[in-house]
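Colleague: I would like a close look at a single part of this model. Please take one helix and go through its surroundings in one connected answer.

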Amino acid sequence: MTNQRATGADGTEGTDPGPARGGAGEPAGEGARESAWAELVATARRTVADGLVVGTSGNVSVRVGDTVLVTPSGVPYDRLTPADATGVDLDGRQVLGTLVPTSELPMHLAVYRADPGARAVVHTHAVHATAVSLLVPELPPVHYMTAALGGPVRVAPYAAYGTDELARGMLDALAGRTGCLLRNHGTLTYGTSLDQAYDRTAQLEWMCRLWLTAASVPGHSPSLLTPAQLAEAAERLRGYGRRS
Ligand SMILES: [Zn+2]
């Protein structure tokens, strides 16, 4: 995990004084939650449209104050409405909605508890990334976008979906990173916004596809970036968003 802070970077926390439905200690207003839910549903639909998941596999969450909005279990994303907003507190107690939260809740909550700067988590079963998780303990650094995820992306050990054991292995794999692979399962990335978390998943899937493509050419092995080249890329990426 990184220690970067994102104090209000996505503008969704603590800005709306409206009534909270989440109970005592809930600082985020209803308006902030409604817009975050709409953005969450749009992101979940994007994972299907872009081929990163099939059907209702995978899940998305976004943190608004002390509430974590999550995709519910087993409901196709194109059927989700504003009335289906589903939320839990950081201990996993349901504070919003009646649908059952995703079974992968332990992974989502583990990210938010470990990094206070985390505002969104995206979990998919993207095919190239999942394929890589079957082959190596770490995605080789084939491209400078490796630096955007904090360095070479690790593979968390296999554990049954929805378990605390899987969440623990994921946290270990995330040390110093904003994304990891889950062996025989899929991907998990997080960020300071849904867009950033989603983009990291898309970049991760693309890099896995790149490595698989290059590594499949007989008689050749892909050239990899050195730690110094990755460090240089990380430095350039840090300045990227600040240039006008
Ligand atoms: Zn999954």
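Which residues of helix H4 (residues 164-173) are buried?

Modeller: This is a predicted model. In helix H4, which spans residues 164-173, the buried residues are Leu166, Ala167, Gly169, Met170 and Ala173. Around the axis they cover an arc of only 165°, so they lie on the same side of H4. An α-helix has 3.6 residues a turn, so residues three or four places apart point the same way. On the face of H4 turned away from the buried side are the exposed residues Asp164 and Asp172.

The next point is what the buried side packs against. The partners of the buried residues of H4 are helix H2 (105-114), strand S6 (155-156), strand S7 (179-182) and strand S8 (186-191).

Of these, H2 can be followed further. It is largely enclosed by the rest of the structure, because 7 of its 10 residues are buried. These are Leu105, Met107, His108, Leu109, Ala110, Val111 and Tyr112. H4 and S8 are among the elements that cover the buried residues of H2, and the cover also includes strand S1 (59-64), strand S2 (67-70), strand S3 (87-89) and strand S5 (120-124).

Two packed helices are described by the angle between their axes and the distance between the axes. For H2 and H4, the axes come within 8 Å and cross at roughly 40°. The two helices are therefore oblique to each other, and their crossing is right-handed. On the H2 side the contact is made by Pro106, Met107, Ala110 and Ala114, which meet Asp164, Leu166, Ala167, Met170 and Leu171 of H4. Sorted by class, this contact has 8 nonpolar residues, no polar ones and 1 charged residue. Asp164 thus appears twice: it is on the face of H4 turned away from the buried side, and it is among the residues of H4 that meet H2.

Ala173, one of the buried residues of H4, also leads to a loop residue, Arg154. Arg154 is located in the loop between helix H3 (127-133) and S6. It counts as buried because it has 20 C-beta neighbours inside 10 Å. Leaving aside residues up to four places away in sequence, Arg154 touches Pro137, Glu138, Ala173, Arg177 and Cys180. Arg154 and Cys180 are 26 residues apart along the chain, with 5.4 Å between their C-alpha atoms.

Conventions: Residues numbered from 1 in each chain as written. Predicted model: local features only at pLDDT ≥ 70, side-chain atom pairs only at ≥ 80, totals over all residues. Buried ≥ 20, exposed ≤ 12 C-beta atoms within 10 Å, placed from the backbone. Helix = DSSP H or I, 4+ residues; strand = E, 2+ residues; numbered from the N terminus. Arc of directions from axis to C-beta. Contact = placed C-beta atoms within 7 Å. Axes fitted to C-alpha atoms, helices over the stretch in contact; angles between N-to-C directions. Parallel < 35°, antiparallel > 145°, perpendicular 65-115°, else oblique. Left-handed = near helix turned anticlockwise from the far one by under 90°. Nonpolar A, V, L, I, M, F, W, Y, C, P; charged D, E, K, R; others polar.
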